[in-house]
Amino acid sequence: MRSLIYLFFICISWSSYSQKVNIQEIESKLKSKSKPDSNYVNLLNQAGDYYYDQQNHTKALEYYKQALQNAQKLNFKNGIVRSHSNMASAYRFMGEYNSSIENHKKAIDISLARNDETQLAKSYINLGNVYRNTADFTEAISCYLKALE
């Protein structure tokens with residue numbers, strides 16, 4: 001039994017170390033970029049994802065907002081949609097439902113214009129989840145049905 005507990009703590013330590021190395025690697029790559037490009041935007045979103053997974057939604061939002069600004073400057077549509085979706089998720093978990101809804105709708109508008117059915121379905125499902133959190137079940141069901149179209 002004691003060796004199982006010991007093994008458990010070793011696994012947790014490795015997991016924690018792996019995550020620290022990952023964010024350090026991402027931040028190092030961000031610093032080494034001389035000019036923002038689509039990879040830079042993706043790295044910013046990845047850094048935001050790291051902090052989101054750590055339940056640090058405020059820090060995640062900082063990275064997502066930077067990703068959005070850079071994606072917009074580059075007219076990098078995938079980056080714009082991903083940043084809006086990421087921001088919407090962070091706002092949802094912070095209880096800022098209006099901001100979440102606004103960002104999901106922006107992701108939906110861009111996905112519609114690009115005929116990106118996969119992202120569109122994901123965005124409608126996520127928007128439905130926000131409406132479900134606000135107990136607006138009629139809107140939630142409407143979004144879920146749109147995701148199926």
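A crossing of two helices is called left-handed if the near helix is turned anticlockwise from the far one by less than a right angle. In this predicted model, the crossing of helix 4 and helix 5 is of the left-handed kind, and the pair offers a convenient place from which to read the rest of the chain.

Helix 4, spanning residues 77-93, packs against helix 5, spanning residues 97-114, at an angle of about 155°, and their axes lie 8 Å apart. Because angles over 145 degrees count as roughly antiparallel, helix 4 is roughly antiparallel to helix 5. On the side of helix 4 the contact is made by Lys77, Asn78, Ile80, Val81, His84, Ser85, Met87, Ala88, Ser89, Tyr91 and Arg92, while helix 5 contributes residues including Tyr97, Asn103, His104, Ala107, Ile110 and Arg114. Sorted by class, this contact of helix 4 with helix 5 holds eight nonpolar, nine polar and four charged residues.

Seen as a whole, the protein chain has seven helices and zero strands, so that its elements, followed from the N terminus on, read α-α-α-α-α-α-α. Of its 149 residues, 38% count as buried, and among the contacts between residues at least 6 apart in sequence, 45% join residues at least 24 apart.

The interior can be followed through its nonpolar cores. The largest of them has 26 residues, and those with the most contacts inside it are Leu30, Leu44, Ala47, Tyr51, Tyr63, Tyr64 and Met87. Helix 1 (2-32), helix 2 (38-53), helix 3, helix 4 and helix 5 each supply at least two residues of this core, with the largest share, eight residues, coming from helix 2. Leu44, one of the residues with the most contacts inside this core, touches Leu30, Tyr63, Gln66, Ala67 and Asn70 when residues up to four places away in sequence are not counted. A second, separate core is made of eleven residues, among them Leu120, Ala121, Tyr131 and Cys143.

A last stop is His57, whose place is in helix 3, residues 57-74. Is this residue buried or exposed? With a relative accessible area of 9%, His57 is buried, because the cut-off for that class is under 20%. Its neighbours within four places in sequence left aside, His57 is in contact with Tyr51, Tyr52, Ala90, Phe93 and Met94; of these partners, Tyr51 is also listed among the residues with the most contacts inside the largest nonpolar core.

Conventions: Residues numbered from 1 in each chain as written. Predicted model: local features only at pLDDT ≥ 70, side-chain atom pairs only at ≥ 80, totals over all residues. Heavy atoms only, no water. Axes fitted to C-alpha atoms, helices over the stretch in contact; angles between N-to-C directions. Helix = DSSP H or I, 4+ residues; strand = E, 2+ residues; numbered from the N terminus. Parallel < 35°, antiparallel > 145°, perpendicular 65-115°, else oblique. Contact = heavy atoms within 4.5 Å. Nonpolar A, V, L, I, M, F, W, Y, C, P; charged D, E, K, R; others polar. Buried < 20%, exposed > 50% of the residue type's maximum accessible area, 1.4 Å probe, protein only. Core = buried A, V, L, I, M, F, W, Y, C linked by side-chain atoms within 4.5 Å.
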